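Grab your viewer and work through these exercises at your own pace. Each one is a task followed by a step-by-step solution.

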Amino acid sequence: MHRAGTDRWTERDEVESDDLDRLFWRRLRGRGRTISTGRVTCEWVRHPGQRHRTLRETHDGGLNTFRRRYRIATPLRFESRDSWPIDEHGLYARFRGRRHHPDPDGLRIVLAGELAFNPERVLAFEERGHQLHGLWIEDPLADQTVGPLPFGHVRDLPDSGWREAIRDLRPDVIYGLLNWRAVPLVHAILDADLGVPLVWHFKEAPQRCLVRGTWPLLADLHRHADAVIYSTALERDWFEAALPGARDPTTTHVVDGDLPKCDWFDGAPRPRLSDVDGEIHTVALGRPVGLDAALVGQLAAHRIHMHLYGLVRGPGPKGAWATWIDDAVAAAPDHLHIHPHVDQRSWAAELAQYDAGWMHRVASSNRGDLTCATWNDLNAPARLSVLVAAGVPVLQQASPGSAVAVQDLVAERGIGILYDDVDDLAAKLHDTEQMSRCRGAVATQALDFTFEAHVDRLLRIFRSVIR
């Protein structure tokens with residue numbers, strides 16, 4: 001209990017947070033002293049429905065989990081103690097005022113599932129005169145975007161009675177996407193036989209579906225969707241090896257399912273840091289997978305800096321790197337630089353400062369046998385498209401003789417460096433002619449790594465299945 005006064009809880013329009021001190025309690029501390037009654041008057045009970053668990057990625061919560069549970073239809077300012085702050089008001093301001101008139105020949109598209117890291121890409125459909133509707137999974141993780149979307153004009157279908165709603169709407173196509181948690185919902189749509197063509201776009205990951213027991217559903221989607229799209233050619237080949245002859249190859253396509261929207265790359269880039277101090281500056285976005293403290297120290301000996309964006313020291317999965325930070329700083333105090341999370345608005349300017357960007361540093365051991373391929377082999381991480389679209393060559397651990405999607409892409413398109421070990425990498429990064437060729441290849445292909453480069457192809461796929 002506390003004395004009645006004028007203080008009020010911070011409301012959603014200002015910020016949502018799991019920090020109750022920030023939302024209210026700290027305001028009372030200046031009002032007078034607190035005392036203990038010495039008696040237990042209530043108990044804190046732990047259960048899955050708690051608000052703070054919905055907010056924290058530690059407990060499979062986060063921004064999109066919170067949005068979905070409370071059906072929040074407006075942009076959020078969101079701060080959780082195990083993640084970084086997110087301001088959707090500022091982030092999506094450039095899109096919220098735009099109006100797009102439907103094209104008479106436009107499609108009615110139902111987005112079914114979740115939109116992952118770069119959800120605003122679907123606005124490219126609106127910009128071409130198509131109408132969007134949404135049917136979302138109930139249990140998204142923090143990075144699996146669901147509606148109500150904080151931008152655009154996507155009309156959500158009801159969670160209860162969606163079969164009838166789709167029959168009444170009579171859309172031209174259902175676009176199912178994108179990651180493993182969407183598989184049960186999209187399979188339910190397939191099983192409902194609604195008379196609407198279904199295009200299934202899958203990214204991550206068949207191995208995860210095996211672990212969760214949804215592989216039979218995923219195999220059904222591969223066999224029976226009207227068209228299937230995989231995010232890398234190697235992922236497509238993996239499915240063809242796992243389910244040989246299961247579908248017509250002319251209805252199987254390859255488009256990365258989580259590409260960024262091109263609008264984010266229209267800013268003026270900053271000069272490269274290497275032009276100032278003559279040393280090499282590399283960048284890592286998110287988790288520094290495979291980049292251990294010993295590697296950071298070895299890079300420093302070669303005058304190579306590492307700049308890390310988005311690590312969190314607090315509790316939770318993003319804060320699990322606190323010990324790593326301490327060890328890496330000790331190994332290279334002058335060559336490791338920790339930066340706050342950089343969102344889409346700063347990608348073009350911020351990332352252009354760097355000579356190259358890190359992919360996951362994981363060596364493959366599949367030796368060309370797709371039955372031994374892991375998700376690290378099949379995947380094109382989301383950071384790949386962001387770096388290349390921002391003009392930054394990528395660094396990929398070489399695995400000679402193994403099938404690795406990013407390795408193949410770098411080799412074919414010349415958009416980065418394949419390296420064997422630190423000495424090999426250092427020699428290539430200090431080779432000014434080789435790096436100049438890489439930057440040139442990236443510059444000429446940067447737009448290929450944005451959604452707009454592929455949206456018309458997706459629309460052709462949609463139209464090809466409409467009966």
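A salt bridge here is a side-chain nitrogen of Lys or Arg within 4 Å of a carboxyl oxygen of Asp or Glu. The model is predicted, so local features need pLDDT of at least 70 and side-chain atom pairs count only at pLDDT 80 or more, while totals for chains, interfaces and linings use all residues. Residues are numbered from 1 along each chain as its sequence is written, and side-chain values use heavy atoms, with hydrogens and water left out.

**Exercise 1. Salt bridges**

Work out how many salt bridges the whole structure holds, then look at the pair Arg 29 and Asp 21 and sort each partner by exposure.

Step 1. The search of the whole structure turns up 33 salt bridges.

Step 2. In one of them, a nitrogen of Arg 29 sits 3.1 Å from an oxygen of Asp 21.

Step 3. For exposure, use these cut-offs: buried is under 20% relative accessible area, exposed is over 50%, and partly exposed is in between (1.4 Å probe, protein chains only). Arg 29 has 55%, so call Arg 29 exposed. Asp 21 has 27%, so Asp 21 goes down as partly exposed.

**Exercise 2. Bridges across the sequence**

Find which parts of the chain are tied together by Arg 71 and Glu 138, then do likewise for Arg 98 and Asp 263.

Step 1. Helices (H or I, at least four residues) and strands (E, at least two) are DSSP runs, numbered from the N terminus.

Step 2. Arg 71 and Glu 138 form a salt bridge, with their closest N and O atoms 3.1 Å apart. Arg 71 is in the loop between helix H3 (63-70) and strand S2 (77-79), and Glu 138 is in the loop between strand S5 (131-136) and strand S6 (155-156), so the pair ties together parts 67 residues apart in sequence. Arg 71 is partly exposed at 36%, and Glu 138 is partly exposed at 47%.

Step 3. Arg 98 and Asp 263 also make a salt bridge, at 3.1 Å from N to O. That pair links distant parts of the chain, 165 residues apart: Arg 98 belongs to the loop between helix H5 (93-96) and strand S4 (108-113), and Asp 263 to the loop between strand S10 (252-254) and helix H12 (274-277). Arg 98 comes out partly exposed at 27%, whereas Asp 263 is buried at 12%.

Step 4. Now follow the shared partners: Arg 98, Glu 127, Lys 261, Asp 263 and Glu 452 are joined into one network of salt bridges.

**Exercise 3. Cysteines**

How many disulfides does a search of the whole structure find?

Step 1. The test is a pair of cysteine sulfur atoms within 2.5 Å.

Step 2. The search finds zero. Take Cys 209: the closest cysteine sulfur, in Cys 372, is 20 Å away, so that is too far for a bond.

Step 3. Check the surroundings too. Cys 209 is buried, at 0% relative accessibility, while Cys 372 is partly exposed at 46%.

**Exercise 4. Two helices**

Describe how H10 and H11 are arranged: parallel, antiparallel, perpendicular or oblique?

Step 1. Axes are lines fitted to C-alpha atoms, for helices over the stretch in contact, and angles run from 0 to 180 degrees between N-to-C directions. The axes of H10 (residues 215-224) and H11 (residues 233-242) come within 12 Å and cross at roughly 100°.

Step 2. Apply the bins: under 35 degrees is roughly parallel, over 145 roughly antiparallel, 65 to 115 roughly perpendicular and the rest oblique. H10 and H11 are therefore roughly perpendicular.

Step 3. With contact meaning heavy atoms within 4.5 Å, Trp 215, Leu 218 and His 222 of H10 meet Trp 238, Phe 239 and Ala 242 of H11.

**Exercise 5. Backbone oddities**

Where do the cis peptide bond of Gly 147 and Pro 148 and the positive phi of Ala 116 and Asp 193 turn up?

Step 1. Recall the background: most residues other than glycine have a negative phi, and most peptide bonds are trans.

Step 2. Gly 147 and Pro 148 are joined by a cis peptide bond with omega about 5°, and Pro 148 lies in the loop between S5 and S6. Another cis bond, also with omega about 5°, joins Leu 177 and Leu 178; Leu 178 is in strand S7 (residues 173-178).

Step 3. Ala 116 has phi near 60°, sits in the loop between S4 and helix H6 (123-127) and is buried at 3%. Asp 193 has phi near 50°, lies in the loop between helix H8 (183-192) and strand S8 (198-202) and is exposed at 64%.
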